[in-house]
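Morning, everyone. Let me put the structure up, and then we'll walk through a few charged pairs and the core.

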Amino acid sequence: METTVVYDTYWRFAAKRQALYMRRLDDPVGPWTDDPILAAHRFTNAYRASDRVSQFLIRDVQYREDRAQTPRELFFRTLLFKIFNRIETWRALESRLGPLSYENTDLNAVAKIMTDLMARGSRLYSAAYIMPSPAMGRTRKHENHLLLLTQMMDDRLPERVHQAPDLRSVFELLLRYRGLGPFLAFQYAIDLNYSAMLGHDEADFVVAGPGALDGISKCFADVGGRSAEEVIHLMCERQESAFADAGLEFASLFGRRLQPIDCQNLFCEISKYARIAHPDIPGLSGRTRIKQIYRNTNAPLPQPMFPPRWGLNVPTSAVSERQGGLF
């Protein structure tokens, strides 16, 4: 495999972005980094599960003590949230319908509320993913997605997902449904795996999305015939030696190594970061700007929560220790 200068930047970016996250847990005001690109633009965290939307999913959708933890309920809530992937949409629905659950939620009422929100100028979907409308016979995208969720429930997909032997099998079950290509099916498999209905090893399976493919093309001039997924697994396997070789101290997620889903996401983020840091390396997309600007709201991060089976020792306050100056 032949690396480029962006390969080295990949590991520096991962260390800097994780250090920024840990510092922000202590200090809502900042500054948290001396890196001008990180300071000016929005990037996801090094660990997918620590991102804002993933944290809301885990804490407020999946593991709330007042919500049922059956596979059917967990599947319904997770997919209803993740199809739209927007916290404000979920909160708007619960403000009108109360706690959302499979037993007590009429998806026709959900559709009407979403139509009303659209009429008022509210966005229903996050811009994080491209969400194609599944061909379910309706003119409005959100109605088609709600019919898709209805079909999944009628097909007893939650029970079949719960019985799946591994993460790849969950992915393959989801991939059979309209509008879910490989990337979305994989993302949903990871989201469902955060919940108590599953307990598969994230290290077993990964799918490279378009952003990761672009990042890989910038990090490697030649991958030696390996698939994108093989490259991601290799990065995951070599992370400790790569950080050590670069002279970097990496603050893990309270003892958890980067998983393939995290290394996949980091390839997406380095694709963006390199547009400014290494403008001479165009990658596959040829994009030259980072559209999303970071604006500090000075709002403290909520106490982090992760799937209990991960066994992470997350302090209840003053989560991280500062180590020297800014990274």
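Start with Arg67 and Asp66. Their side chains form a salt bridge, 3.5 Å from N to O. This is a predicted model, so keep that in mind throughout.

Now, are these two partners buried or exposed? Arg67 has a relative accessible area of 7%. The cut-off for buried is under 20%, so Arg67 counts as buried. Asp66 is at 49%. Exposed begins over 50%, so Asp66 is classed as partly exposed.

Arg67 has another partner. Which one? Glu94, in a salt bridge with an N to O distance of 3.0 Å. Where do the two sit? Glu94 is in helix α5, residues 87-97. Arg67 is in the loop between α3 and α4, and α4 covers 71-84. The two are 27 residues apart in sequence, so this bridge ties together separate parts of the chain. Glu94 is also buried, because its relative accessibility is 16%.

Put these together and add Arg64. Arg64, Asp66, Arg67 and Glu94 are linked in a network of salt bridges.

How many salt bridges does the whole structure have? The search finds 19. One more deserves a look. Arg48 pairs with Asp191, with the closest N and O atoms 3.0 Å apart. Arg48 is in the loop between α2 (36-40) and α3, while Asp191 belongs to helix α10, residues 182-194. They are 143 residues apart in sequence, so the pair joins distant stretches of the chain. Both Arg48 and Asp191 are buried.

Next, Arg52. This residue lies in helix α3, which runs over residues 52-62. Arg52 is exposed, because its relative accessible area is 53% and the cut-off is over 50%. What does Arg52 touch beyond its neighbours within four places in sequence? Ile87 and Glu88. One distance for reference: the C-alpha atoms of Arg52 and Tyr188 are 16 Å apart, with their positions 136 residues apart along the chain.

Last, the core. The largest nonpolar core holds 104 residues. Phe75, Leu174 and Phe267 have the most contacts inside it. Helix α1, residues 5-26, supplies the largest share of this core, with 11 residues.

Take Phe267 from that trio. Leaving out residues up to four places away in sequence, Phe267 touches Tyr10, Gly211, Ala212, Gly215, Ile216, Cys219, Phe220, Val231, Ile232 and Met235.

That's the tour. Over to you.

Notes: Residues numbered from 1 in each chain as written. Predicted model: local features only at pLDDT ≥ 70, side-chain atom pairs only at ≥ 80, totals over all residues. Heavy atoms only, no water. Helix = DSSP H or I, 4+ residues; strand = E, 2+ residues; numbered from the N terminus. Buried < 20%, exposed > 50% of the residue type's maximum accessible area, 1.4 Å probe, protein only. Contact = heavy atoms within 4.5 Å. Core = buried A, V, L, I, M, F, W, Y, C linked by side-chain atoms within 4.5 Å. Salt bridge = Lys/Arg side-chain N within 4 Å of Asp/Glu carboxyl O.
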